[in-house]
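Let's look at a protein chain together and ask how its descriptions are earned. Each answer will set a value against a rule.

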Amino acid sequence: MCLSQRNIRIEGENYLPIPVYRHVASFLSMFKLLVIGMIIIGRDPFALFGMQAPGIWEWGQGNKIYACMMVFFLSNMIENQLMSTGAFEITLNDVPVWSKLESGHLPSMQQLVQILDNEMKMNVHMNTRPHHHS
């Protein structure tokens, strides 16, 4: 009986989100800089459209540091959510056995153990079959 070495490989890799999320995050990043710039220079963008400035804009003009920090951190939080795929991919002997990107969720510990157990049993079965030479 010949048993091959079993390799469980766990790798961290960046998986890009769908293009629309990347574009929204990129737009939000630029928009954030524009809003922070408008807060700093004190220019009322609502006056350009003949609109009354909302209360939050008035508060931001009186509290520029806090307003800039709030815009920066809230925008970054949303951008990070858009750019995160939460990928969790598992391969055994270079064969994919679980993909969060395809399934949409993480496996439970019981599912993970069962998947790996099934894959290992299948590999042992394949490796113990007699080889016929032609």
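**Reasoning from values**

This predicted model has six helices and three strands in its chain. Along the sequence, the pattern reads β-α-α-α-α-β-β-α-α.

Q: How many aromatic pairs does a search of the whole structure find?
A: The search finds three aromatic pairs.

Q: Why is the pair of Phe 46 and Trp 57 called edge-to-face?
A: Ring planes over 60 degrees apart count as edge-to-face. The planes of Phe 46 and Trp 57 stand at 75°, with the ring centres 6.0 Å apart, so the pair earns that name.

Q: What makes this a link between distant parts of the chain?
A: Phe 46 sits in helix 2 (residues 45-48) and Trp 57 in helix 3 (residues 55-62), 11 residues apart.

Q: How do you know whether Trp 57 is buried or exposed?
A: Buried means under 20% relative accessible area. Trp 57 has 11% relative accessibility, so Trp 57 counts as buried.

Q: What about its partner, Phe 46?
A: Phe 46 has 23% relative accessibility, so Phe 46 counts as partly exposed.

Q: Why do Phe 72 and Phe 73 count as a pair, and of which kind?
A: Rings pair if their centres lie within 6.5 Å. The centres of Phe 72 and Phe 73 are 5.3 Å apart and their planes are at 80°, so this pair is edge-to-face.

Q: Why is Phe 73 called exposed?
A: Exposed means over 50%. Phe 73 has a relative accessible area of 54%, so Phe 73 is exposed, whereas Phe 72, at 35% relative accessibility, counts as partly exposed.

Terms used: Residues are numbered from 1 along each chain as its sequence is written. This is a predicted model: local features need pLDDT of at least 70, side-chain atom pairs count only at pLDDT 80 or more; totals for chains, interfaces and linings use all residues. Side-chain values use heavy atoms; hydrogens and water are left out. Rings of Phe, Tyr and Trp (its six-membered ring) pair if their centres lie within 6.5 Å; planes under 30 degrees apart count as stacked, over 60 as edge-to-face and the rest as tilted. Helices (H or I, at least four residues) and strands (E, at least two) are DSSP runs, numbered from the N terminus. Buried means under 20% relative accessible area, exposed over 50%, partly exposed in between (1.4 Å probe, protein chains only).
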